[in-house]
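Trainee: I've just opened this one and would like to know how the labels people put on it are earned. Can we go through them together?
Mentor: Sure, have a look first and then ask away.

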Amino acid sequence: QVQLVESGGGSVQAGGSLRLSCKVSGFHHSTNPYRMAWFRQSLGNEREGVAGISPGVGATSYADSVKGRFIISRDDDENKVYLQMNNLKPEDTAMYFCAASLFGWDPVLSPGAYSDWGQGTQVTVSS
């Protein structure tokens, strides 16, 4: 059974940094290459893609709102994906979710492209 567990969320002041982690279990990248992504959802808004990373060479994609501030990376030995968030802004406040897909390669930021989801971790940025 596939399971994704996020961690690393918290409260931080504007300009600060956080590093989110997502531990994947139930399949391993060495036998089942998968693409991963981070999404976020704030109160009253739709879930939006933040960053994605492909299997293999790890091509990445980012939402315009986080380019230059967020970095997605993966550690396939540990079966983990990370989201380093720098220069955080109040508008980054949201529940952050990691998602995985065993199908496809492009690190797209469409929720429908991902079949497995974590429960989320809250990020709150105060001004």
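**How the labels are earned**

Mentor: Reading along the sequence, you get the pattern β-β-β-β-β-β-β-β-β-β-β. That comes to 11 strands and 0 helices. Keep in mind that this is a predicted model.

Trainee: What makes the chain as compact as a globular protein of its length?
Mentor: The globule rule gives 14 Å for 127 residues, and the radius of gyration of the chain is 14 Å, close to that value, so the label fits. Along its principal axes, the C-alpha trace spans about 45 × 25 × 25 Å.

Trainee: And how much of the chain counts as buried?
Mentor: Of the 127 residues, 42% do. The accessible surface comes to about 6,300 Å², with 48% of it belonging to carbon and sulfur atoms.

Trainee: How do you know that strand 1 and strand 3 pair?
Mentor: Pairing takes at least two bridges. Strand 1 (residues 3-7) and strand 3 (residues 18-25) have 5 bridges, so they pair, and they run antiparallel. For instance, L4 has V24 in strand 3 as its bridge partner, and V5 stands opposite K23.

Trainee: What about strand 3 and strand 8, how many bridges are there?
Mentor: There are 6 bridges between strand 3 and strand 8 (residues 80-85), again in the antiparallel sense. Here L18 stands opposite M85 in strand 8.

Trainee: Which strands make up the open sheet, and in what order?
Mentor: The sheet has 4 strands in the order 1-3-8-7, with antiparallel pairing. Strand 1 and strand 7 (70-75) are the edge strands, as each pairs on one side only. From one strand to the next, the twist averages 15°.

Trainee: Why is the link between C22 and C98 called a disulfide?
Mentor: The cut-off is a pair of cysteine sulfur atoms within 2.5 Å. C22 and C98 are 2.0 Å apart, S to S, so they meet it. The structure holds 1 disulfide. With 50° about the S-S bond, the link of C22 and C98 is right-handed.

Trainee: What makes you say that this pair links distant parts of the chain?
Mentor: C22 is in strand 3 while C98 is in strand 9 (residues 94-101), and the two are 76 residues apart. Both cysteines, C22 and C98, are buried.

Trainee: How many of the contacts in the chain join residues at least 24 apart?
Mentor: Taking contacts between residues at least 6 apart in sequence, 61% join residues at least 24 apart.

Trainee: Why does N79 count as buried?
Mentor: Buried means under 20% relative accessible area. N79 has 5% relative accessibility, so it counts as buried. You'll find N79 in the loop between strand 7 and strand 8. Its phi is positive, about 55°, although N79 is not a glycine.

Trainee: And N87, is that residue buried, partly exposed or exposed?
Mentor: Partly exposed lies between the 20% and 50% limits. At 42% relative accessibility, N87 falls there, so partly exposed is the right label. N87 sits in the loop between strand 8 and strand 9. N87 also has a positive phi, near 50°, in a residue other than glycine.

Methods
Residues are numbered from 1 along each chain as its sequence is written. This is a predicted model: local features need pLDDT of at least 70, side-chain atom pairs count only at pLDDT 80 or more; totals for chains, interfaces and linings use all residues. Side-chain values use heavy atoms; hydrogens and water are left out. Axes are lines fitted to C-alpha atoms, for helices over the stretch in contact, and angles run from 0 to 180 degrees between N-to-C directions. Buried means under 20% relative accessible area, exposed over 50%, partly exposed in between (1.4 Å probe, protein chains only). The radius of gyration is taken over C-alpha atoms; the globule rule is 2.2 Å times the number of residues to the power 0.38. Contact means heavy atoms within 4.5 Å. Accessible areas come from the Shrake-Rupley method with a 1.4 Å probe; for residues, only the protein chains shown count as cover.
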